[in-house]
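Work through the exercises below with the structure in view. Try each task before reading its solution.

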Amino acid sequence: MESKKNAKNAQCKRCLDKFREKEIYTIQQFQYRKSPTYDWTKEFFNVLGIGEWDSFCEECINYYGKISNAVWLKYCTK
Ligand SMILES: [Zn+2]
């Protein structure tokens, strides 16, 4: 029997892939980047309908990291 820890019972909100719970990423990890600020980041994702507790796989959180940074650089640093 597969133990609960190793079961793929978490789902990525963006690509809908299933993965293990310990591999969950959330936008909360963006509070550690230098810029944009985490307040700006939360507002950006709020517009996209994404909250601090939504789960994503590594690939999708990297994607969101990239687009949020690109929007910040293009529109918010002038
Ligand atoms: Zn995903």
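The exercises go from the whole chain to one helix and then to one residue.

This is a predicted model, in which local features need pLDDT of at least 70 and side-chain atom pairs count only at pLDDT 80 or more, while totals for chains, interfaces and linings use all residues. Residues are numbered from 1 along each chain as its sequence is written.

**Exercise 1.** State which pattern of helices and strands the chain follows.

Solution. Helices (H or I, at least four residues) and strands (E, at least two) are DSSP runs, numbered from the N terminus. The chain has 2 helices and 2 strands. Read along the sequence, they give β-β-α-α.

**Exercise 2.** Check the span of helix 2 against its number of residues.

Solution. The expected span is 1.5 Å times one less than the number of residues. Helix 2 covers residues 58-75, which is 18 residues, and should span 26 Å. Its end C-alpha atoms are 26 Å apart, so the two values agree.

**Exercise 3.** Decide whether helix 2 lies largely in the open.

Solution. A residue is buried if 20 or more other C-beta atoms (placed from the backbone) lie within 10 Å of its own, exposed if 12 or fewer, and partly exposed in between. Of the 18 residues of helix 2, 0 are buried, so the helix lies largely in the open. In the chain of 78 residues, 10% count as buried.

**Exercise 4.** Describe the surroundings of Q11.

Solution. Q11 belongs to strand 1 (residues 10-11). Q11 is partly exposed because 15 other C-beta atoms lie within 10 Å. Two residues are in contact if their C-beta atoms, placed from the backbone, lie within 7 Å. Leaving aside neighbours within four places in sequence, Q11 is in contact with L16, K18 and S55.
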